[in-house]
Structures are given as C-alpha cells and as structure tokens.
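Subject: Structure for you to look at

Hi,

Here is the structure I said I would pass on. Have a look at it first, and then read my notes underneath.

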Amino acid sequence: MTKNLPETMRQIRFTAAGGPEVIAVETVPLPKPAAGQVLIEVVAAGVNRPDIMQRQGSYPPPKGATEIPGLEIAGRIAALGEGVTGFSEGEEVCALVISGGYAEFAVAEAGQVLKKPGPLSLVEAAGLPETTFTVYSTVIQRGRLQKGETFLVHGGSSGIGTTAIQIAKQHGARVLTTAGSDEKCRFCEELGADAAINYREADFAEEVKRLTDGKGVDVILDMVGAAYLQKNIASLAVEGRLVQIAFMKGFKAENLTLTPIMLKRLTITGATLRAQAKEAKAAIAEGLKRDVWPLVEAGKIRPIVHATFPLEEARKAHELMETSSHTGKILLTTGR
C-alpha cells in the first residue's frame, strides 16, 4: 500500500440487531485492496434503506463481505490493488461497494468505481452510486423504458425516486410519481415529474387512470411491495412492466387477481443489486458511463442532498431516514 497512509481509521459498527442505539464508532486497522480492487479515502458515504434493514438484522451482507454498513462512497483513491489500471492515486471518484462504506477508508471493486463528475463536490458525488446503479439497471435495462412511454415511480421524493424521475425524464419518458404530502409532490414536480400524486389523499391507481386517459403506464418502479401489487397491476398499460426493488409494506400478496396479467400481457420482474456478481455490476457501471454520466456532467441529472451528518452522528442519520421526512439523499461525512 501507499506510504503515508494512517495505520488506523474510524468506522461504524452495529453492535447488535436493533434500533439506532446499536450504532457505535470504533477504531480499526485500514483494509487492504486485493487484486482488482482499490482503496478509497472516503470523504462521504450514502445512507440507504438497506443500511436500516441491515441494522435491524433483516439484511445481512453477502458471505465474505465486511459487516460494516455502507453501500456507496465518494473520495480519493488511496491505493491500487494488483492489476488495476485506468485510475491513479489521489484521483477523485465515487463507487458502489458491497459493504464497508461507513468508514474513513473503504475497499471497492475497480469495475464499480466511477470518476467524479466535474460539476459535483465529493460530498454530492457520494449520493450517486447506489441510486444510479439501481435505477439504470431496473428502469432502463430490466424495465426497458422507451422514449415516449409513461413511467411511474413510487416514493418520488426518496433517493431512488429523485434519481428515477431525472433519469426517466432525460430518457424521454412522461414521468408520474407518488409522494406522501403536497409539499413532497410539489418538490417532485419541480424536479421534473409531469404529475405527482399524494397517496395519502388519493387512490393512486384511479389517478393514474385519469392522468393517462385510461391507458395506464408502461413501466412502474416499486419499493412498497405487497400493499401496492394489485393497484400496480391495475395501473399498467398493455405490455406494461412492473419492476420490484423492495418490500417496505409486505412481500407476500394475498387475494391477488391474476387475470389482468394475462389480458394485458404484463411483465412482473424485480432485482436486488447487492447480491449481484461484480461482473454484472461492472457492466452496469459501463452503461452509466455511456448513458448517465454525460448527463450528470452537463448538469441535467444531479443528486439531491437533503442532509449531511458527521460519521460519528450516524445514529442521527438513521433516525432521520426512519422518519421518511427527507427529500433526497442523507449522507455521512468523514472530515477527510
């Protein structure tokens, strides 16, 4: 490893499964990059729903990965593992990591590291990887969203939602979204959504029907799960695609009517990002470099940062996320 690096670093550990009170700061030796990996000096790390689930004990890291939370980071390359080319020490980057992001240094697979877009600070760039990898792979690749189609994303004010609105809009789609308050709906529309539905005050399926003159939408990105499944199916147009990426309100649907799936020739699919092979994630990264990063460079897509917290205040960051009152990303900063 490069000389002049510190021997130890601070990181966050969950001492047990539970609430934010199990979040603790500890000092440990720096990790070392293996072949094909890079060591990144972390400036900021994203806080995401899977981190909450991991803390609660319901979303453990894949076998062999560190138990330290954190799925996305931005910072400077501190050391290169054997065989890594295309990067240099000191270069500013952001990266998708399988775990370990809540720390002052983290290891990332070289294929999942992207150069920081010029217009963004490193703190802002930390809000890009998890959402852009997720949205691009599910909405554009798996959902096959096409220019001129209509797209619906639930939870438009979330980190995933704000990214989905922007990517779909830049892709040439008409964008609908749901959100939990009139204020959040206005925020989504200001971000680019063509219409936002307050799901606390209206039946989103009825509103989708009205907004599309009865046709329905072509692609839905859903994080809610079983509670929305029947209405999602009702909201899809002929040949529509539902992409499931989380189950915040249940993973087991009952009393489901399947007939519309056949009559409208629907596709119901889904994906998780964390468990995919590094080669698959590297392929997504190549798509981002080609199709999304130029839009970020041009200022047409940007991460929406709601709040930042110092690493040692990770409890406060988790408490905020659990209120669902935020609009956009919540980030941890290391002070480096």
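Below is what I found, going from the sheet to its helices, then the cores and a few single residues.

One thing before you start: this is a predicted model.

**The sheet**

A good place to begin is the open sheet of 6 strands, which pair in parallel. Reading across, the order is β10-β9-β8-β11-β12-β13. At the edges sit β10 (195-198) and β13, each of them pairing on one side only. From one strand to the next, the twist averages 20 degrees.

If you want to zoom in on one pair, try β8 (residues 150-153) and β9 (residues 174-179): they run parallel and are joined by 4 bridges. Within that pairing, V153 has T177 in β9 as its bridge partner.

**Helices across the strands**

Two helices are worth finding next. Helix α4 (residues 159-170) lies across β8, β9 and β11 (217-222), and its direction is at about 170 degrees to β8. Helix α5 (residues 182-191) lies across β9 and β10, at about 165 degrees to β10.

I spent a bit longer on α5. Which of its residues are buried? They are K184, C185, F187, C188 and L191. Looking down the axis of α5, these buried residues fall within an arc of 160 degrees, so they line one face of the helix. The general background is that an α-helix has 3.6 residues a turn, so residues three or four places apart point the same way. What the buried residues of α5 pack against is α4, β9 and β10. Turn the helix round and you will find the exposed residues E183 and E190 on the face away from the buried side. Just after α5 comes G192, with a positive phi of about 135 degrees.

**The cores**

The largest nonpolar core has 48 residues. Those touching the most other members are F133, L145, F151, L221, L288 and V292. Take F133: leaving out neighbours within four places in sequence, its contacts are L96, Q112, L114, L273, K281, I284, A285 and L288. There is also another core, lying apart from that one, with 17 residues, including F14, Y102, A307 and L332.

**Q37**

Q37 is in strand β3 (residues 37-47). Is this glutamine buried or exposed? Q37 is buried, because its relative accessible area is 15% and the cut-off for buried is under 20%. Its side chain reaches the backbone nitrogen of A34 at 2.8 Å. Not counting residues up to four places away in sequence, Q37 touches K32, L80, G81, V84, V107, A108, E109 and A110.

**Two loop residues with positive phi**

Finally, two residues to click on in the loops. N255 has a phi near 55 degrees, which is positive even though the residue is not a glycine. You will find N255 in the loop between β12 (236-244) and α8 (259-263). With 76% relative accessibility, N255 counts as exposed.

R265 is also not a glycine, and has a positive phi of about 55 degrees. R265 is in the loop between α8 and β13 (267-270). How does R265 come out on accessibility, and what is its relative accessible area? R265 is partly exposed, at 46%.

Cheers

Note on methods
Residues numbered from 1 in each chain as written. Predicted model: local features only at pLDDT ≥ 70, side-chain atom pairs only at ≥ 80, totals over all residues. Heavy atoms only, no water. Core = buried A, V, L, I, M, F, W, Y, C linked by side-chain atoms within 4.5 Å. Buried < 20%, exposed > 50% of the residue type's maximum accessible area, 1.4 Å probe, protein only. Contact = heavy atoms within 4.5 Å. Pairing = 2+ DSSP bridges. Axes fitted to C-alpha atoms, helices over the stretch in contact; angles between N-to-C directions. Polar contact = N/O pair within 3.5 Å; in protein donor to acceptor, adjacent residues only side chain to side chain. Arc of directions from axis to C-beta.
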